[in-house]
Amino acid sequence: MPILDDDRLLGNDAGLRAVARDLYEGIRDLPIISPHGHTDPRWFAENNAFPDPAQLFVTPDHYVFRMLHSQGIPLEDLGVPRADGGSIEADPRKIWRLFAQNFHLFRGTPSRMWLDHAFQDVFGVKERLSAANADAVYDQIDAQLKTDAFRPRSLFERFNIEAISTTESAIDDLKWHRMIRDSGWTGKVVTAYRPDAVVDPEFAGFADNVAKMGKMAGEDTATWTGYLAAHRNRRDYFKSFGATSSDHGHPTARTEDLPQDVAARLFDKALQGTCTADEADAFRGHMLTEMARMSLDDGLVLQIHPGSFRNHSDTVAARFGRDKGYDIPTRTDYVHALKPLLDAVGHRADLSVILFTLDESTYARELAPLAGVYPCLRLGPPWWFHDSPEGMLRFRQMATETAGFYNTVGFNDDTRAFCSIPARHDVARRVDCAFLATLIASGRLDADEAPEVAKDLAYRLAKQAYRL
C-alpha cells in the first residue's frame with residue numbers, strides 16, 4: 001500500500017482537482033532548481049555514503065528534532081552534539097527507535113509529508129513508520145545507504161536536480177567546492193555568499209572574523225575602505241565557484257544609507273565591541289545597502305532573510321550551540337525599513353533583491369505592494385515555518401493580487417535535509433496547480449495560460465531570478 005495519496009494537495013472539489021491534476025502532470029517531472037539551501041558541499045565533494053538512517057533523517061534536521069524536543073525528549077537522546085563534547089546517544093538504532101515511537105507527533109505537519117515522501121519514493125518503504133516496524137524500516141534504509149545508488153551524487157542525479165546552491169560564510173575557504181570542481185563530476189553545485197559573521201557586530205567573534213576575512217582577501221580590514229575592498233574580493237572569490245547570490249540573515253529588515261564617514265566611525269565601534277544594540281542594527285542595515293551597490297557591480301542577487309529571533313533559549317545555545325531549533329519568528333517592518341536602500345538603488349532594474357519573511361501579515365500589506373512597483377524587488381517563497389501547503393496557499397492568495405506571479409521567484413527549498421528536496425518541490429508544485437485551478441474556475445485565468453504559469457512557478461522563475 002502506498003503511504004501517500006496520489007491526489008494529495010490538489011484540492012477537495014472533484015472538478016477543481018481534475019484540472020489541478022492535469023496541470024500537475026505537465027510539470028511534476030521538471031528538473032529541480034534549488035537556488036538557496038544548506039546542504040553540505042562536502043557530501044558532493046567526497047561522495048561518501050550517508051552513515052545511517054538516524055544521521056540522515058533525525059539528528060541533523062531541526063524540523064524533526066525540535067518537534068520531538070517539544071514533547072520533552074532531550075536533544076542528547078537524539079544524538080545532537082553538545083558544545084562541550086559531553087555525552088550523547090551514539091547508537092543510531094536507538095535514536096531511530098525513539099523517532100519511530102514518536103512519529104505520531106508529526107501528524108498534520110509538512111515534516112510528515114516530506115518524511116513519508118522520502119520513505120516511499122526514495123527508499124521504497126511501503127508502510128507508515130511506527131514503533132512496531134522501526135527496526136525493519138531502519139534495516140531497509142540502512143541497507144540501501146550502503147550501495148552506490150544512494151551516495152550523494154547518485155541521489156542528486158536521481159532527484160533530477162539541475163542546479164543546487166549551498167550557503168557558506170564569507171570566511172569559508174570553499175575547499176569542498178574546489179574538490180567538486182576538480183573531480184570532474186558534472187553536477188551543478190554552486191555556493192552563495194553569506195557574510196553575517198563579518199557584517200553583524202553582535203555575531204560571536206565579529207572582530208576576529210573581520211580580521212580573518214582581511215587576511216584571506218589580502219586587505220587591511222582594520223580600515224573601512226579595506227573592509228569594503230575585502231568584501232568585494234571575497235564576493236569575486238565566491239563567484240569563481242559559481243555563486244550567483246548573497247544571503248543575509250538579519251534580525252530585522254532595517255536598511256540605512258549612511259554617509260561614508262559615519263559608516264566608518266560605526267565600523268570602528270563595531271571592531272572595538274562598543275556598539276549599542278541600535279548601532280549594531282544600523283551597521284547591519286547600512287551593509288545591506290553597501291551589498292546592494294556591490295551587486296550592481298558584480299551581478300550577485302541579494303537575498304534578505306529577516307525576522308528570526310535566533311537561538312531564543314540561552315540555555316540550549318550554551319549547551320548545544322547555534323541553530324538548534326530555537327529560532328522564533330518576529331514581527332517585521334518592510335515599508336520603512338527598506339526605504340533607505342530603495343531610495344538609493346530601488347529603481348535599478350539591473351539589481352535583483354529577493355525578500356523573504358516570517359511575518360505573514362506583511363504579504364498583502366507591505367511586501368506585495370513593494371514588489372509590485374519597485375523594479376529591483378522580488379518576493380521569495382514561503383520560508384521556514386511557512387514552508388507548508390497552507391503557507392504556500394496563503395502566500396499565493398495574498399501576494400498574487402498585487403505583485404502578480406512574475407514578481408515572485410518560484411520555489412526554493414532552503415533545507416539541509418537532502419532527501420526532502422524532491423518532496424518539498426513536489427508539495428509546492430501541487431499547491432500551485434491547485435491555486436491555478438481555482439483561478440481558472442473563477443474566470444481569473446484562461447485555461448490555455450495556466451500550463452505556462454505552472455511551468456514558470458515550478459522551474460523558470462527560480463532559474464531566471466537566481467541567474468542559474
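I looked first at Gly184, which sits just after helix H9 and takes a positive phi of about 85°; helices here are DSSP runs (H or I) of at least four residues and strands are E runs of at least two, numbered from the N terminus. I note that the model is predicted, so that local features need pLDDT of at least 70 and side-chain atom pairs count only at pLDDT 80 or more, while totals for chains, interfaces and linings use all residues. Residues are numbered from 1 along each chain as its sequence is written, and side-chain values use heavy atoms, without hydrogens and water.

I then went through H9 itself (residues 175-183), where Trp176, His177 and Ile180 are the buried residues, buried meaning under 20% relative accessible area, exposed over 50% and partly exposed in between, with a 1.4 Å probe and protein chains only. These three cover an arc of only 100° around the axis, so they lie on the same side of H9, the arc being that of the directions from the helix axis to the C-beta atoms. Among the elements covering them I found helix H2 (41-46), strand E3 (168-169) and strand E4 (189-190), with contact taken as heavy atoms within 4.5 Å.

Last, I checked Ser361, which lies in the loop between strand E10 (353-355) and helix H17 (362-371). Ser361 is partly exposed, because its relative accessible area is 40%. I also recorded that Ser361 and Arg331, 30 residues apart in sequence, are 8.6 Å apart in space, C-alpha to C-alpha.
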